[in-house]
Amino acid sequence: MDVPFTSSGAMSRAHYALVRKIENATSAQAADQILLDEIDVIRRTLQKPHLSIKECKECLILILHCTIALSIAIPIALDFAFPHAVNIAELGQSPMDKKIGYIFCMELIPSDHELQLMLVNTLRKDLESTSISQICLALDVLIRVPNEHVIPAVDTHLQTLFHHHSEAVRRRALMAYYTLFQRDAERLTRLEDVVRRRLRADPLEISSLSAIAGKLKHSESLGKLLNSQFQHQYREFGETDSVFSILRTLRNGEMKLELESVGIVLDIIKHVSKVPMRAALREAFMLLSTVSPEALRECSLSSTAVTSIRHLLSSRDPNDVFLFVSCLNCLDPSIWAGTRPETKAVLDEWEVQSIMRLLDSPDGLIRKVTLKILHSVDPVIVETYYTQALYNFSSSLSLSDKNEYVSRLFDIIDMQDGSDVDQYARHLKDLFSAVEGREQGPTEGLQVLDLVVQRILNGIREREMSFRISSITALGVSLTESEVHIGPTLMVVISALVSEYCGKVSTSPVEMLRGIAARLGSYSPSVQDACLLTMLRISVECDEIPEEVTVAVGQLSQHSRTHLRRRCDQFLTLSTQRRVLAEVVSSARSSSLPDFLSALISYQSKPDAMSTQSPRTTLSGRQDAFNVDISPSRGAASPRKLRYEAYEVPQPITSLRHLSSPRRPKSSVSSPEGSTRSLSCASETSNSLNELAKTITPGELTLAAAQEPFYAAESDASGIPAPVPEDDLASRVDLIALDSPFIAEPAKEVSVDADFKVAWDAMENSNVRGWCEASLDMIVRLLQSLQYRMKVIATDQPPFEGACISRGDLSDSDCHVGELKIFVQGPAPQQYATLRLREVDEESCLWRLRCKDVDLRTAIKRMMEDL
C-alpha cells in the first residue's frame, strides 16, 4: 500500500500498520496468522489496568478488522473484549465512541450472551437522551438485534418517541417497535392505528412512513387510506415522490389496488415507461396484478399498459427485455393476447415471434419468465417447443453445453408439471432416456451432468413434502424394474434423493438395493461410489441383505482401485450391522447423502468403531459365493513376482511415506478427527535384522489397508510387535526391492544452501500441480534417478507441516496432515525446483511443483505425470 497514513482512512497508526502487514503477506495462510497474532496482542493489551477509552476503542476497531479479514472462522473466543465494548457503549464521550461500542456489540456479541443484559440500561439512558444521534444509535441497535429483555425498559419511551420532532427518530422508533412486537397482534394493531393517524394528519409524511407501512401486510384499513391519498395526491400534485412512495407502500404491503386507482396507475405506466423508470414501472405492473382480470378488461385503457412497454422488447439491453417480460407476466393473457372473443391481440405477429425467440435467450431469468407467459397463453405452445427441443438434442455436445441444454429442458418440466407428480416423474425419465439412451449396457463413456443434478435436487427440495415423497417414490420404482435403463446422471439423482428420504418412500428398500447392485458394473467409479454409499444408507431399512447384492459388491471390489475397493469393503462390513448404521444416521447433521458420508467418516475415525473382523476377512469368507480368486493385497509381495534367483534377505529400506524428523525417535500426528497414529523413525540400511521386526507385516498391512483411517498394527502389552519368522522377512521389504536384484540406496539428504519456504515463495508464478498413483517412497526414488542433488524435509518439519487449528472447542478443530518437502538442485546454482507432496492414501498423492527453469520443470513434471 503506497498510500500514506494521512490519506489511508485508517483509524490509528496501529490500524495502518496492520493493514500494511496483511498486504505484504506472501499467502492467505500467512495473512491469517498475522491477524491471529494481532488478536493475541490485543488480548494482552486489554488485560492491562487503567486503559483509556481511546486505547480500548482502537483495540475494538482492530478486532473488528481482524474478524472481517480472516479467511477462516475465528478459532479463538473473543469474550475478553466484550466487557470493554459494553463499557465504551456506556461511557463513550462522543457519538463516534458510542457507535464503535454498539457496532462491536451488534456484530460479535451473541444475542443470548449474558452481557446483553448490561446493555439494557445503556439503551434506556440513550433513548432518554436529548442528543438525536444517541437516540438513533440506540434505536438502530434495537432494530438490528431485538432483545426480549429490553422490552420492559424501553416500551413506554418508544411510544413517546413516535411523536419526536425529528423525522429520523420517528421513523426508527416505529421500526424498532415493530421489530420488538412483530409477533404480538395487539401491539401491531396499535402500531397500525399510529400510522393511520399520522397519515391523516400529514399525508406528505408517507415518505417517512413508507417502510413501516409496507411491513403491515394485507391491512385493509391502511390499504383504503393509501388508495384514497394516492388518488388525491396524483390529482393535486401529479407524479411526485409521495405518489411513488404510496405506490411502493401498496406493493410492499401486498394491499389491493382499488378500481378507482387503476386509471391513475395506467397513466403512471404511460409516463414512466418513456424514461424508463424501471423500479416504478415494475411496481405499477405488480399493483395491476392485484386487480381481477374482469375488472381490468372493463377498463377501456387496459391495453395501454402493454403498448406503453412494447418498445422494450426490441431493446438490446437485457435489463430492458427482462423488464418487458416481467411486466407482461403480471397481466392476465386475456387482456393482451386475444384469447377471449371479446378481446383482441395487442402485440403484432413479429413481436410474438420475438417473444418466442426469448425461449433460447442466454439469460436464464428471461427464459423462465417467457415460459410462464407462453404457458399462461396456451400450454400447447410450451409442450410443442419441449418436444422439438428434445428431438433435436445432440449427443455430440460438450459437457458444458449438455448441462445448459438439459437444464433448459428441465425448466420446462418443472414449470409444466407443477402439481402432477406422475407426469413430472414420467417427463423426467423421458428426458434422461433421450439424453443418456434407452438401451441397457455400459455407461462408462457417459458423463454426469453435475449442474443438472443440482438443479433437479434443488427443484424437488423446494416443493411441498407430499410432492417430494411421491415424486421420489415414482423415481425409485425405476430401480426395481430391471428392463428400465438408468443413465449415470439419473442414477446420481435417484441415489441422492433415495438416501435423503429413505424410510419415507413406499418402494421396498430390499428391491432398491437389488436394482442398484444389478447396475453397479455399468457405471464409472465416481457413480459407483455414490451408489455404494446409497446402498449403505438403504441397508439400515433392510432386515437382511440379499446374497446377490453382496456378490455384486464383492465382484466389483475385485476389479476396482484402492478407493472404490475400500468403499466395497466398507459396505460388506457395515451393511449387516444395522445398529451401527442407525447410530451413524442419527449422528448426521441432516439426511442428505454428503452429511451421511461425513457422519460415516466421523464414526470410523473412532479407534473402536470397526469390527474386529476385517473387510478382507469378510470378503474371503464369501469367496465361494463369488466364484472368483481373491488376489492378495498389494502390500504383500508374491514370490512369483521375482524374475531372478533370490539373493539373501535384503535390508529394510526407510519408508518415506511416514518420514519424521530425526530429532524425535517417534512422533504422533493428529488426525482431523482427533485420533493419533504412530510414525516409525527413519532407519539406516546398516540396522540389524532385529530392527525389521518393528515394521508392519504383510498380514497387518492387508488388514490396515482396508480401513480408514490407517491404524498402527496391534502390539503386545509391552508395546513391541510380536516377532516374525525370518522366512517372512523378504515379504516385508518394499516392493521396489523385489523388482530388481539391486537394492536401492535410501534417500540421502543433500546439503543445499537454500531455505525451502523462501525458494517456494520466490517462484509463485511458476506453478505446476497434479495427482499421481504412486507412494511417496517411489516418487523420492524416481527423483534420485534424475541424478540431481536433493534435500528432503520431513512432514512434521516446517514449512507446511501438519497442524490443527482449534475452533474454541476440543471437539471442533481443523487438522491437516503435513507435506513432504523436496528441494531439487539442478546442474547450475540457478537451476532448482521445490516439490510438495501430500499423501492422499497409501498409493496416491497430490503434488505441487514450482520451478523457473523450463528444462528442470519439464523433466520433473513428465516424471510425475507418467506415474
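The buried residues of helix 8 are covered by elements that include helix 6 (95–108), helix 7 (116–127), helix 9 (151–161) and helix 10 (167–181). Contact here means heavy atoms within 4.5 Å, and helices (H or I, at least four residues) and strands (E, at least two) are DSSP runs numbered from the N terminus. This is a predicted model, in which local features need pLDDT of at least 70 and side-chain atom pairs count only at pLDDT 80 or more, while totals for chains, interfaces and linings use all residues. Residues are numbered from 1 along each chain as its sequence is written, and side-chain values use heavy atoms, with hydrogens and water left out.

Helix 8 itself covers residues 132–144. Its 13 residues reach 18 Å from the first C-alpha to the last, close to the 18 Å expected at 1.5 Å a residue, where the expected span is 1.5 Å times one less than the number of residues. Ile135, Cys136, Leu137, Ala138, Leu139, Val141 and Leu142 of helix 8 are buried; buried means under 20% relative accessible area, exposed over 50%, and partly exposed in between (1.4 Å probe, protein chains only).

Leu139 also appears in the largest nonpolar core, of 197 residues, among those with the most contacts inside it, together with Leu191, Leu281, Phe285, Leu288, Phe324 and Met535. A nonpolar core is a set of buried Ala, Val, Leu, Ile, Met, Phe, Trp, Tyr and Cys residues joined through side-chain atoms within 4.5 Å. Helix 10 supplies the largest share of this core, 9 residues. Another core, of 23 residues, lies apart from it and has Leu835, Leu849, Ile860 and Met863 among its members.

Helix 16 (residues 278–288) holds several of the names just given. Its buried residues are Ala280, Leu281, Glu283, Ala284, Phe285, Leu287 and Leu288. They pack against helix 14, helix 15, helix 17 (293–298), helix 18 (304–307) and helix 19 (318–328). Not counting residues up to four places away in sequence, Leu281 touches Ile269, Val272, Ser273, Ile309, Leu312, Leu323 and Cys327.

Towards the N terminus, the axes of helix 4 (residues 53–69) and helix 5 (residues 82–91) come within 10 Å and cross at roughly 125°. Axes are lines fitted to C-alpha atoms, for helices over the stretch in contact, and angles run from 0 to 180 degrees between N-to-C directions. Helix 4 is therefore oblique to helix 5, since angles under 35 degrees count as roughly parallel, over 145 as roughly antiparallel, 65 to 115 as roughly perpendicular and the rest as oblique. Ile53, Cys56, Lys57 and Leu60 of helix 4 meet His84, Ala85, Ile88 and Leu91 of helix 5.

Some backbone details remain. Most residues other than glycine have a negative phi, and most peptide bonds are trans. His218, in the loop between helix 12 (206–215) and helix 13 (220–237), has a positive phi near 55° and is exposed, with a relative accessible area of 54%. Glu254, in the loop between helix 14 (241–252) and helix 15 (259–272), has a positive phi of about 50° and is partly exposed at 44% relative accessible area. The peptide bond from Pro798 to Pro799 is cis, with omega near 0°; Pro799 is in the loop between strand 4 (789–793) and strand 5 (803–809).
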